[in-house]
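Me: I am new to this structure and would like a close look at one part of it, the aromatic rings and what lies around them. Please take me through it slowly, in one connected answer.

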Amino acid sequence: MKPAERMKIPRQEMPEQEAEARAHNFNEVNLGMSAEAAKIEGERCLQCKDAKCVAGCPVGVDIAGFISAMVEGDLPKAADIMYDANVLPGITGRVCPQETQCEELCVRGKKSTPVAIGYLERFIADWARENRTKVMTPPPPTGKRAVIVGSGPAGLTCAGELAKKGHDVTVFEALHKAGGVLVYGIPEFRLPKKIIEVEVHALEQLGVKIECNVVIGQTYTIDDLLEKEGFDTVFIANGAGLPVFQGIPGEHLKGVYSANEYLTRINLMAAWMGDDSDTPVIRSKAVVVVGGGNTAMDSVRTARRLGADPAVLVYRRSRSEMPARIEEIKHAEEEGVKLDLLVNPIEILGTEDGWVRGVICQRMELGEPDDSGRRRPVPIKGSEFEYLCDVFVEAIGTGANPLLTQTTPALTTNRWGNIEVDDKGMTSIPGVFAGGDIVRGGATVILAMGDGKGAAMAMHDYMTKGG
Amino acid sequence: MFSIREAKWLAPQVRWFIVEAPRAAARHKPGHFVIVRVREGGERIPLTVADSDAKAGTITLVVQVIGATTERLCSLQTGDAILDVVGPLGKPTEIEKFGHVVLVGGGVGTAVIYPQAGALKDAGNKVSAIMGGRSKPLVIMEEELRAACDAVYPCTDDGSYGYHGFVTGKLQELIDDASDPVNAVLTAGPVPMMKNVAKVTEAKRILTIASLNPIMVDGTGMCGGCRVTVGGQQKFACVDGPEFNAHDVDFAELTDRLTAYREQEKRAWDRLGEDPEHKCKLAAAEKELAANR
């Protein structure tokens, strides 16, 4: 096919569950492309010699390579190319913000629309999950032992890459299920748990040992891992799991949740299943969520699915400054979520019995830029108004959980508690590396994976060459 | 899976377990707790570790039936297993040489003060323990406390055993005894009891540490569900506590926040009552308790 013909093909759409129906169930919203649509979309790729898209991928997937194999009909080869760079494609294909990464750099984006790289990655990952019989087998053991703290995206990726090199890898996870934020934070309708289970199982087949119910900082310290347990190297990937509250009056009221608690009850503890799960969550007719990122979107869309009407999201800046993915915002609004922007909650009101009954908000306008480079929101005097609600969820970001760092004084952290690392991902303790949100602050799954992969290379060098 | 080495009833609705949990046992110190999940689909609940044996790799849990999850847990026998046990969690008790320490335990709170007793004694304190229960069968661990403390004062609301009255009555007596001043009080049990203990000790400004029991989910400081107000500041009981200076704790707020899921708890309890598999286990448990008496 000539490039001119390829340029004429329009971008294929991702089939979605109809909005009204999906606003009341937890099934996946995006349904996945058909094989035919995937092939057509694959033909849109110009197979650039010096593909710009790869530089936008934190794990360096050979994009043109897997697409080419897919278009030729060799799906096993496409899967091999994919898994060579990315051990969790079913996850990244669903949650990566491709529009600001690989797809943003696609040359097609200049004159038309980029190749739907994310949808194709998902297509190959889903095909592999159902059909791939090849099992990744590890090379002969090196005799070196690595330990990973946290089974979130950074930890799992690091584990997979080290196992592929023949190292003995143990992952310690604080919760009772592996996956970290993938399993407690991201809802079923964006990332089904089954996908995580299958991809984690593949890592276990590669020899990775995952032990849940172990909290590093309490059950063991980092020193225990190096001195007593005899590991040669450590990767700390325990995430940014510290909820941030606004600090406004009324946060003690029943019905006020941090997004972490709200989502953990509903996702990890399956409270969305109602009485079939033993973990309760307050289901409310009127929910207000404060925040502008993907977590805020997940919270308000989840509330909608639990029956909230209205389900309102308030955010102190404007739409163009929201960090959330455009797709999530679009899906949320289609599902009936109301976005009230340039609004900031200042006080939560309660009933006599201590339940949330409403939240007082202030309207904002944009002033001069602040530290983040975005225009600072400034309250408009006298603009206070009240939203009636009985559940209020705060999704304004997460900080570094200090449980591990406070028992490891030799670990240098910045003033927010994030672990400081060099360009190889190594911390102030030799042989101890770190990556993901505990280093970056709350960021994305794929950036965490990139850190995990980079650290694995550095840890491999450290264990085999001594640095 | 965490095996149950031993399970027996200590009192009606109060069960004693020795559980195989080598990692938690190895690092356990008085004041620590664990989070437990009984089965798939089950909720995560915090339980104080009453004792541990690092060599044997076991921890001791004392559980009172107060809802569906504790009911399910207490229907387990020796040889059964708990799905998930994680710990040790929380900050351990700050053991110092205070002088004369009075431990006040109400109901299963007695299982919280027991491990503190031994550690305080080892640190050179004189240790007195006051344990309360509604009636004689509900005063637990007296033998264990007698072995660990210098003096033990069981109390019953109905006067069927020991001091007739609330633990706070006995505590006031000890405080009023000028010949043996009280230097510190550690307390654990129902919130109203801890609140009243704090009131009693406030007049003489006696250092009082309470072990708080808010609702928890993860137990590692990532959700904020266990937040309590101490000295006007927000603290997470699972990582900043569970022990706090009782005179600074907003007990009214803690009491209120504990009621957040009353409706769901009642529904879960009713549903369990109708579960045929559970009815079987319940019958077996009742037989065992009757035999023990």
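Reply: A good place to begin is a charge over a ring: A:R305 lies over the face of A:F189, at 3.6 Å from the ring centre. Please keep in mind throughout that this is a predicted model.

The ring beneath that charge also has aromatic company, for A:F189 belongs to one aromatic cluster together with A:F26 and A:W272. To place this in context, a search of the whole structure finds seven aromatic pairs over all chains. One of them is formed by A:F26 and A:F189, whose centres are 6.0 Å apart and whose planes make an angle of 55°, a tilted arrangement. This pair links distant parts of the chain, since A:F26 sits in the loop between helix 2 (19-22) and helix 3 (35-43) of chain A, while A:F189 sits in the loop between helix 11 (181-184) and helix 12 (193-205) of chain A, 163 residues apart. Both A:F26 and A:F189 are buried.

Another of the pairs brings together A:F172 and A:Y220, and here the ring centres are 5.6 Å apart with the planes at 45°, so this pair is tilted. It, too, links distant parts of the chain: A:F172 belongs to strand 2 (residues 168-172) of chain A, whereas A:Y220 is found in the loop between strand 3 (209-211) and helix 13 (222-228) of chain A, 48 residues apart. As for cover, A:F172 is buried, and A:Y220 is buried as well.

Chain B offers a charge over a ring of its own, where B:K8 lies over the face of B:W16, at 4.9 Å from the ring centre.

The chain around that contact can be described as a whole. Chain B contains nine helices and 16 strands. Its radius of gyration is 19 Å, close to the 19 Å that the globule rule gives for 293 residues, so chain B is as compact as a globular protein of that length. Taken along the principal axes, the C-alpha atoms of chain B fill a box of roughly 60 × 45 × 40 Å. Of the 293 residues in chain B, 56% are buried, and among its contacts between residues at least 6 apart in sequence, 65% join residues at least 24 apart. Finally, the surface that chain B exposes comes to about 12,300 Å², with carbon and sulfur atoms supplying 51% of it.

Definitions and conventions:
Residues numbered from 1 in each chain as written. Chains lettered and ligands numbered in written order. Predicted model: local features only at pLDDT ≥ 70, side-chain atom pairs only at ≥ 80, totals over all residues. Heavy atoms only, no water. Phe/Tyr/Trp six-rings, centres within 6.5 Å; stacked < 30°, edge-to-face > 60°. Helix = DSSP H or I, 4+ residues; strand = E, 2+ residues; numbered from the N terminus. Buried < 20%, exposed > 50% of the residue type's maximum accessible area, 1.4 Å probe, protein only. Lys NZ or Arg CZ within 6 Å of the ring centre and 35° of its normal. Rg over C-alpha atoms; globule rule 2.2 N^0.38 Å. Contact = heavy atoms within 4.5 Å. Areas by Shrake-Rupley, 256 points an atom, 1.4 Å probe, with all protein chains shown as cover.
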